[in-house]
Amino acid sequence: MENVHILSQRMPTRGEFLPFGSALQSQSSLNEYQKLVEKLQTSLDLTELVTIYADFAARVFKFSGMQFHCSLGVFPMKNADLSNTPSTFELHLSGEHLGQLVYFSQYPVSESITDKLAKLHQCLLYPLRNALMYTRVLKLATKDSLTGLNNRSQFNEILKQKIETARRQHRPFGLMLLDLDNFKQVNDVYGHKAGDEVLVEFATILDNSVRATDSVFRFGGDEFAILIDDPAIMTNKVVAERIMKTVTKSALMNRYGVTSSIGYTLALSKDGEDELFARADKGLYQAKNAGRNCARSA
């Protein structure tokens, strides 16, 4: 196995490092490989895994940032600077393509550095595959497969946590329930492919209408929910109006004549999950009875 060196000097024109004397190379290499493998086995979080690996790879090659690209998305190392030139390495394990590891550096990647990185990649492959499998399973358990939003199971879990936190901190939060007006006719007249396009479009609208601290969910069909991390009822109203306005401006939603009805409420300190949900659902029912394409609080 080729050595991975503890670094002592960099050649500034190439971004490479000169190793310690040859007498120390073998033992230090084994120690560094072992440390890397042990560290990589401590996490199943892809961003954390890339960051751990980057700390060791930086001892071989000077780079400003690193990303791992895969079917699940892009996972950068923490505090990555991506302004320099990218160099991409394909990662395979037992015939399976895991993804691409991209280094960003002002230095070219020489043949000797490529060889050293290839050895480090071998340490990364199995922990990386484990993290990918874990992330995929977690995503299937918590995400809606069509829209990518959180699903009903995840809603139940997060709602419990938020209710407990609200009771301890005496700080309300908002619950908003939404569905699509005239959605059934889209499936009936234009087919389920058109219906799926409407659902994905609406999911995107919801995601773009809230802050990072809020959470958006799809229960199934055309039923959606948002947990709004704000104690003011007015914030719910502002978000609801923003959503309805965006829906009316959407060419896709206009093509199929789809709008949205919304019910919302604030969590009170005495609320349980059922009471809170029932109150928001009442607001949604009132919005439907008021002619649809509107929002009502309860």
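What span should the 17 residues of helix α9 (residues 273-289) have at 1.5 Å a residue, and how far apart are its end C-alpha atoms?

**View 1. Helix α9 and its surroundings in the predicted model.** The expected span is 24 Å, and the end C-alpha atoms lie 24 Å apart, which agrees; the expectation is 1.5 Å times one less than the number of residues. Helices (DSSP H or I, at least four residues) and strands (E, at least two) are numbered from the N terminus. L276, R279, A280, G283, L284 and A287 of α9 are buried (under 20% relative accessible area; exposed is over 50%, partly exposed in between; 1.4 Å probe, protein chains only). They occupy an arc of only 140 degrees around the axis, which places them on the same side of α9; the arc is taken from the directions from the helix axis to the C-beta atoms. D274, Y285 and N289 are exposed on the other side.

**View 2. The four-stranded open sheet.** The strand order is β4-β3-β6-β5, with antiparallel pairing; two strands pair if DSSP finds at least two bridges between them. The edge strands, β4 (73-76) and β5 (85-93), each pair on one side only. Four bridges join β3 (residues 65-70) to β4, and F68 has F75 as its bridge partner in β4.

**Model and conventions.** Residues are numbered from 1 along each chain as its sequence is written, and side-chain values use heavy atoms, with hydrogens and water left out. In this predicted model, local features need pLDDT of at least 70 and side-chain atom pairs count only at pLDDT 80 or more, whereas totals for chains, interfaces and linings use all residues.
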